[in-house]
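Me: I should like to learn how to read the features of a structure such as this one. Please take them in turn, with the general idea before the case.

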Amino acid sequence: MTAQRALFIPGPTNVPEKIRQAINIPMEDMRAPDFADFTLPLFADVKKVFKTKTGQVFIFPSSGTGGWEASITNTLSPGDKVLTSRFGQFSHLWVDLCQRHGLDVEVIDVEWGEGVPLELYHEALARDKDHKIKAVLACHNETATGVASDIAGVRKALDNTGHPALLFVDGVSSIASVDFRMDEWGVDCAVSGSQKGFMMPTGLAIVAVSQKALAAQASAKFPRTFFDFADMSKMNKDGYFPYTPPTTLLRGLRASIDLLLEEGLENVFARHYRLAEGVRRGIKAWGLDLCAKEPKWYSDTVSAIYVPEGKNAVEVIERAYFTYGLSLGTGLSKVAGRVFRIGHLGALNELMIMSALAGCEMAMRDVNIDIKPGSGVAAAEEYYRSTAFDQREKTGIAA
Ligand SMILES: *Cc1c(COP(=O)(O)O)cnc(C)c1O
């Protein structure tokens, strides 16, 4: 293989050259007297991506999973009740993490292909008259099924029932790619990671926390050390960390935030929508179905695609990988063998997306899935042409 492999999994995503170069620097002194000149503005700018003015951001050397754990252990106590829903592998894993911590987890199981069930959340909260539920969990973008959920709707369910529970959101595959409004939606813990929308290598859990969640620490009885918000706050306040921070990744994060803010968050979201829509047009032209059941669930960062009945998606993925150097996402758990996924988040543009569609077409035809050659690419092409604009109008990652 002479060229770079085409990476179309929903994380890790492609790392832009500016970020790679920012990371590729000598080690530095994380207790240097001027280290705060770098970290304090970084913390402030990360908050912009979460759209929070009142919250606080914590950056842990970890991954998204560590962010889940941090949000739970800093705010709750063993035996506390939480309300959540499960409709894919990632929402399942957060349930598992809560159960292993000894939380009393009320899980609403939803068919895979749908998202957070707002009416059922409303009912559960309305039933909970004595406020046993301490936190409500929601997966904003279920990466296993390509399903996006309505977080503003979850906030409404809490407000309409006058319920005081905290609201925790898994935004690992949404934040920095699709609109996320921490303050407006009253999110108390928003969890993300470096290797998806932030276009970085894996290695950071990026968590934004409301004042209400910070206050909950006082009564939260879970043991915590590595992920302790209080230890972090104490040192972060002056720009330092309670333990050795991953300085190279922090430099990368600086470059990532610069790219995102330079392009403009609203432009980043519009680009993700447009790229995703081209993929969806392509899938439709193939005559295949998305795992996401209705347009309201469509994810702008990942599409999970059913192969026809009797076919095995693993064959498509292996053929794409070994023959065309194209990495596609696999079907996880319940949908293993049934779907393959195209990750369309991070540093991507139209031509890159069309290369992925072309690779999918070749791989599918090779394993005898009956699609018309070029049909997906043609549909995406027509959509991108009809929505094209002069690249000079917008600065940006992919321009
Ligand atoms: C990737 C992902 C995670 C897990 O994050 P890691 O960084 O792999 O620990 C959690 N939730 C969602 C929705 C994800 O896409």
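Reply: Let us begin with contact, which here means heavy atoms within 4.5 Å. The model is predicted. Its domain assignment gives domain 1 (6-11 + 263-389) and domain 2 (17-23 + 35-252). By the contact criterion, 26 residues of domain 1 touch 28 residues of domain 2.

Me: How many Å separate the C-alpha centres of domain 1 and domain 2?

Reply: The two C-alpha centres are 28 Å apart.

Me: How should the size of the interface be read, and what is the area buried between domain 1 and domain 2?

Reply: Interface size is often expressed as the accessible area lost when the parts come together. Between domain 1 and domain 2 the buried area is about 2,200 Å², and carbon and sulfur atoms give 63% of it. On the domain 1 side, F269, K293 and W297 supply 27% of the area buried against domain 2, more than any other three residues.

Me: What polar features cross the interface, and how many salt bridges does the rule find there?

Reply: Side chains of opposite charge can pair when their charged atoms come close. Across the interface of domain 1 and domain 2, the rule finds 2 salt bridges. The interface also holds 11 residue pairs in polar contact, both partners being at pLDDT 80 or more.

Me: Which elements give two or more residues to the side of domain 1 that touches domain 2?

Reply: They are helix 10 (265-286) and strand 11 (302-306). Helix 10 provides the largest share of that side, 5 residues. By class, the side of domain 1 that touches domain 2 has 14 nonpolar, 6 polar and 6 charged residues.

Me: Which residue meets K293 in a salt bridge?

Reply: The partner is E111, with an N to O distance of 3.1 Å between the side chains. K293 is also one of the three residues named above for their share of the buried area.

Me: Turning to the whole protein, how many helices and strands are there?

Reply: The secondary structure comes to 13 helices and 13 strands. The radius of gyration is 21 Å, close to the 21 Å that the globule rule gives for 399 residues, so the protein is as compact as a globular protein of that length. Along the principal axes, the C-alpha trace spans about 60 × 55 × 35 Å.

Me: How many salt bridges does the rule count, and what does the one between R251 and E28 tie together?

Reply: The count is 27. In the pair R251 and E28, the closest N and O atoms are 2.7 Å apart. R251 lies in helix 9 (residues 247-263) and E28 in the loop between helix 1 (17-23) and helix 2 (35-50), so this salt bridge links parts that are 223 residues apart in sequence.

Me: Which residues does a cis peptide bond join, and where is M199 found?

Reply: The cis bond joins G11 and P12, with omega about 0 degrees. P12 is placed in the loop between strand 1 (6-8) and helix 1. M199 is in the loop between strand 9 (189-193) and strand 10 (204-209). The phi angle of M199 is near 60 degrees, a positive value in a residue other than glycine.

Conventions:
Residues numbered from 1 in each chain as written. Predicted model: local features only at pLDDT ≥ 70, side-chain atom pairs only at ≥ 80, totals over all residues. Heavy atoms only, no water. Domains from an automatic or database assignment. Buried area = accessible area lost by both parts, 1.4 Å probe. Salt bridge = Lys/Arg side-chain N within 4 Å of Asp/Glu carboxyl O. Polar contact = N/O pair within 3.5 Å; in protein donor to acceptor, adjacent residues only side chain to side chain. Helix = DSSP H or I, 4+ residues; strand = E, 2+ residues; numbered from the N terminus. Nonpolar A, V, L, I, M, F, W, Y, C, P; charged D, E, K, R; others polar. Rg over C-alpha atoms; globule rule 2.2 N^0.38 Å.
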